[in-house]
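Please open the structure in a viewer and keep the sequence panel visible. The tour below proceeds by selections, each followed by a description of what is found there.

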Amino acid sequence: MTGRQHDQQAMGQQAREQQALGAALDTLPARIAGAGDTVAATTTRRDFLARHAIGLYDRLTAGRSRFLRVGELLLAAADAAPGLVPDRQALAAEAARPLSAKTGIEMAQAEFLAAIFADRGAGLHLCHAMMLPRPEAPENAARLARDGVLDLGLVRIMRQGRLLIVENRNTGRLNAEDVPTIDALEHAVDAALLDADSAACILRGGVVDHPRYAGRRLAGAGLNLTDLYEGRVPYVMYIEREMGWVSKVFRGLASPGELPDETAQTVEKAWIGVIDTFAIGAAAQALLVCDAVVAEAGSWFNVPARKEGLVPGATNLRLPRIMGDRLARQIIMTGRTIQADSPEGRLLVDRVAPAGELDAAIAEVAADLVDGGVVSVAGNRRAFRVGQEPLDLFRAYLATYTREVAICHLSPALVANLERHWTGRRKAG
């Protein structure tokens, strides 16, 4: 077969696939409506996804020439394939319900995303889309360059010589992560990475005003469980957090014309995570993508996935290689708390310093990291990723995570856990 014949055959196959997709889209709403019960409707969706998920993705992204973030992709799929995933109206109604009253419609979103990530080409393209700077990034970076500070409300960046301090300031909620904080963190990471006058970034929690910890810095109290219990945490937040600001700290920013695999020149810097007082859940997860961790003496960290009833992001992928499989399982599956200045804590923490000497220790660790030059820092970070977590491994992890975290998020057991251990217990009392 000649090259021309091969191309013609491929074009013919693509045309047939698009024709089949069109026919399936025409009948999908009636099939979903006719399925009636949830089990039958789910089977119908899965049958469609098994046959047409990648074709639909290619249609929505114009043959992968257009980049859509996860949330944008799900809304576009709802418009193009009615009944496949919930539309804006259905999501708005679901958002108004507390967690205990959710109807489970977000599971359809999880099934669609799992099918995309299960395909290497489509999954990597979606990872690429999420690693691009947000549209506001150039303007935010310009403000930072001009003023030496960028105040995004819940997150603030401050210049300190050649360092940038990226500070979570959700102070009324113990620097917990919620939808607006996660959005602000991604905008902050974009601006910090695009800043030309800095060599490294410090990820830190701000001073809080909670009565118990007033006047103290906290790394963070994890996910905002009050918002979760009251229904203000949508499923898509979990995915966009892992693929958004957390992934950008780890992998840097991509450019539209180059797949951000291990040969791409992403825009990245060294990151130093700081544990002030404690780092719980999401705050501890963030430390796993930093190049170094500095902790205050007496501080501690944990990942209370057992009590929350969730899969803690990409922690299951990253914590075993940092702290070992058995210890990682104890932390994730039994809720074990680790003191920063313990033998186990030192597997993650590079330096422990007294509270009054913490800033000096951070500066010393930062200087050590960038002493060889910014270019070598980026090169060494990429080299570590080649052996530890290439992009395709992350993509494959997401194929499982997208479905499993949805099952947890929509499980009655999550509500029961929250009522037993956290917010629900206080509300019930």
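The model is a predicted one. Begin with phenylalanine 278, whose bridge partner in β8 is tryptophan 300.

**First stop: a sheet of three strands**

Extend the selection to β6 (278–280) and to strand β8 (residues 300–302). These two strands pair in the parallel sense, over three bridges. Now add β9 (338–339). The result is an open sheet in the order β6-β8-β9, with mixed pairing. Why do β6 and β9 each have one side without a neighbour in the sheet? Both stand at the edges, each with a single partner strand, so one side of each is left free of a neighbour.

**Second stop: two hairpins**

Select strand β1 (residues 149–151) and strand β2 (residues 155–160), which pair in the antiparallel sense over three bridges. Within this pairing, leucine 150 has isoleucine 157 of β2 as its bridge partner. Three residues lie between the strands of this hairpin, and glycine 153 takes a positive phi near 85°.

Next, add β3 (163–168). β2 and β3 also pair in the antiparallel sense, here over six bridges. Arginine 156 can be followed across to glutamate 167, its bridge partner in β3. Two residues separate β2 from β3 in their hairpin, and glycine 161 in the turn has a positive phi of about 65°.

**Third stop: the cavities**

How many cavities of 30 Å³ or more does a search of the whole structure find? The search finds four. For the largest, centre the view on Leu223, Ala282, Gln285, Glu308 and Pro312, which lie nearest its centre among the 20 lining residues. The elements that give two or more residues to this lining are α10 (235–251), α11 (282–287) and α12 (305–308). α10 provides the largest share, with four residues. The space in this largest cavity comes to about 200 Å³. Its lining comprises 12 nonpolar, four polar and four charged residues.

For the second largest cavity, select Leu203, Ala219, Trp245, Ala283 and Ala286, the residues nearest its centre in a lining of 18. Two or more residues come from each of β3, β4 (200–205), β5 (270–275) and α11. Here the largest share, four residues, belongs to α11. About 170 Å³ of space lies in this second largest cavity, and its lining divides into 10 nonpolar, six polar and two charged residues.

**Fourth stop: two individual residues**

Select arginine 134, in the loop between α6 (120–130) and α7 (137–147). Is arginine 134 buried or exposed? Its relative accessibility is 13%, and a residue is called buried under 20%, so arginine 134 counts as buried. Its side chain makes a polar contact of 2.8 Å with the side chain of aspartate 183. Leaving aside residues up to four places away in sequence, arginine 134 touches Arg69, Asp183, Glu186, His187, Asp190 and Lys248.

Finally, move to histidine 125, which is located in helix α6. Histidine 125 is buried as well, with a relative accessible area of 7%. With residues up to four places away in sequence again left out, histidine 125 touches Tyr57, Thr61, Arg64, Ser65, Arg66 and Phe67. Displaying these residues together with histidine 125 completes the tour.

Definitions and conventions:
Residues are numbered from 1 along each chain as its sequence is written. This is a predicted model: local features need pLDDT of at least 70, side-chain atom pairs count only at pLDDT 80 or more; totals for chains, interfaces and linings use all residues. Side-chain values use heavy atoms; hydrogens and water are left out. Two strands pair if DSSP finds at least two bridges between them. On a 1 Å grid over the protein atoms alone, a cavity is a set of points where a 1.4 Å probe fits but cannot get out, and a pocket is an open set with protein on both sides within 12 Å along at least five of seven lines; lining residues have an atom within 4 Å of a point. Grid points are joined across faces, edges and corners, and a volume is the space filled by probe spheres set on the points. Ala, Val, Leu, Ile, Met, Phe, Trp, Tyr, Cys and Pro count as nonpolar, Asp, Glu, Lys and Arg as charged, and the others, Gly among them, as polar. Buried means under 20% relative accessible area, exposed over 50%, partly exposed in between (1.4 Å probe, protein chains only). A polar contact is a pair of N or O atoms within 3.5 Å; within protein, one must be able to donate a hydrogen and the other to accept it, and residues adjacent in sequence count only if both atoms are side-chain atoms. Contact means heavy atoms within 4.5 Å.
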